[in-house]
Amino acid sequence: MASTYPLEHESVTIFREYLRIPSVQPNVDYSECIKFLERQALRLGLPLKIYYMAPGKPVVIITWVGQKPELSSILLTSHMDVVPVYSEKWTHDPFSAHKDESGNIYARGAQDMKCVGIQYLETIRKYITENLKMKRTIHICFTPDEEIGGEFGMGTFVTTPEFAELNIGFALDEGIATPHEVFDVYYCERTSWNLTITCTGQTGHGSILHENTAGEKLQYIINKFMNWREYEKNKLNNSDLGPGDVTTINLTMINGGCQLNVVPTEISVTFDIRLAIDMDVEKMKKTVQEWCHNAGPGVYVKFKNNPIRVKPTAIDNSNPWWIAFKNECDKMDMKINTAIFPAGTDSKFMRNVGIPVLGFSPMNKTKTLLHDHNEFLNEKTFIRGLDIYYNIIKALTSV
């Protein structure tokens, strides 16, 4: 596909085309993404397969078979969906992929993470154009619904025979842009642990000081969680720890009440908690249950999921994939920092079935804007990312 912009890099044109597809949560229609990826597969001359984990939830796989297909393969994965936007807060239409005079490309998904998906494809295209041959098979994967947890995307896909047939030995997934020279490389992520606590109590007229009210119990519960939150904030602010090294606790929802002058019989509060990798989940469950007991009768907790702590990917000489990755970064004089991912990605599902994964997006000297207004990526940063992946992926296939 020739660029419609005479002075624009062909890969940038394709990137902007992908960004214009509004694959925004919730209730994403992935049909335009599939059409776009089918065109890219045709352009590369590679086969494309689609696996539906649920109705309307496609996982797209484009495969470049290596010279030794019996060896474990490399998975290059990215997600197709993006988070919602507040269009009135954007300087440019968030799905126009507007490029300003500085080369900044504004669009939802510019950083998170349509850039990476296109960089994977364009790297493979360059290999094919140069008639290079790789030892290992490479699968380029595009998943749905990562932004809402990935249950019917990678979360289900890793449990299927079709995934097992891919024979994945190692995977690359997303990272985060950094505003400085150093690139962050993620080898693990915290345990996502969401819970709702419901407080019940005496109802009655709003003009009376009733005993045993749901509000009093709610105050006790919130105080416990906010004290825990303050402890983690102090730990983060008074050390050299990164955002992924501490537990985060955030109150995200409160529900209850029916009328201004009626004391509610029930109020619930929901917390989004990301447990640091050294936290004992079972111990924390018992602590929360004890808080509920101490708050008074009629207080109970519902855990939204059954979190499983996933073993981190090794970042030492025991992991040949890490050695290959790091060696190529060193050759390119790239400064890298290994870290624990502060949020959640599809990586957890792959690590949970024993696949080593590194989270990496080649975006340094870039303001971190994932999920923010006016998300953008500069075209020079995007193009440099192509060169970085070119060297890293080639090295990984030779492990």
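**Salt bridges, a helix and two domains**

Author: Glutamate 232 and lysine 235 are three residues apart in helix 6, which means about one helical turn separates them. This is a predicted model, so please read every value that follows as computed.

Reader: Happy to. What makes glutamate 232 and lysine 235 a salt bridge?

Author: The distance decides. Their side chains meet at 3.3 Å, N to O, and the cut-off for a lysine nitrogen and a glutamate carboxyl oxygen is within 4 Å. The pair therefore qualifies as a salt bridge.

Reader: Why is glutamate 232 called buried?

Author: Because its relative accessible area is 4%, and buried means under 20%. Lysine 235 has 30%; that lies between 20% and 50%, so lysine 235 counts as partly exposed.

Reader: Which other residues of helix 6 are buried, and what covers them?

Author: Besides Glu232, the buried residues are Ala214, Lys217, Leu218, Ile221, Ile222, Phe225 and Trp228. Their cover includes strand 9 (191–200), strand 11 (248–256), strand 13 (266–275), helix 7 (281–295) and strand 14 (299–303).

Reader: How do you know that the span of helix 6 is close to what is expected?

Author: Helix 6 (residues 214–237) has 24 residues and reaches 34 Å from its first C-alpha to its last. At 1.5 Å a residue, 34 Å is expected, so the two values agree closely.

Reader: What makes glutamate 8 and lysine 99 a link between distant parts of the chain?

Author: Glutamate 8 sits in the segment before helix 1 (10–19) and lysine 99 in strand 4 (residues 98–99), 91 residues apart. Their side chains meet at 2.8 Å, N to O, which is within the 4 Å cut-off, so this pair is a salt bridge too. Glutamate 8 is buried because its 6% relative accessibility is under 20%, whereas lysine 99, with 23%, is partly exposed. Both belong to a network of salt bridges with Arg16 and Glu379.

Reader: How many salt bridges does the structure hold, and how many cross the interface of domain 1 and domain 2?

Author: The structure holds 17, but zero are found across that interface. The count of residue pairs in polar contact between the two domains is also zero.

Reader: What do domain 1 and domain 2 share, then?

Author: Six residues of domain 1 are in contact with five residues of domain 2. About 340 Å² is buried between them, 51% of it from carbon and sulfur atoms. In domain 1, Glu189, Ile340 and Pro342 lose the most area to domain 2, together 81% of what that side buries.

Terms used:
Residues numbered from 1 in each chain as written. Predicted model: local features only at pLDDT ≥ 70, side-chain atom pairs only at ≥ 80, totals over all residues. Heavy atoms only, no water. Helix = DSSP H or I, 4+ residues; strand = E, 2+ residues; numbered from the N terminus. Buried < 20%, exposed > 50% of the residue type's maximum accessible area, 1.4 Å probe, protein only. Contact = heavy atoms within 4.5 Å. Buried area = accessible area lost by both parts, 1.4 Å probe. Polar contact = N/O pair within 3.5 Å; in protein donor to acceptor, adjacent residues only side chain to side chain.
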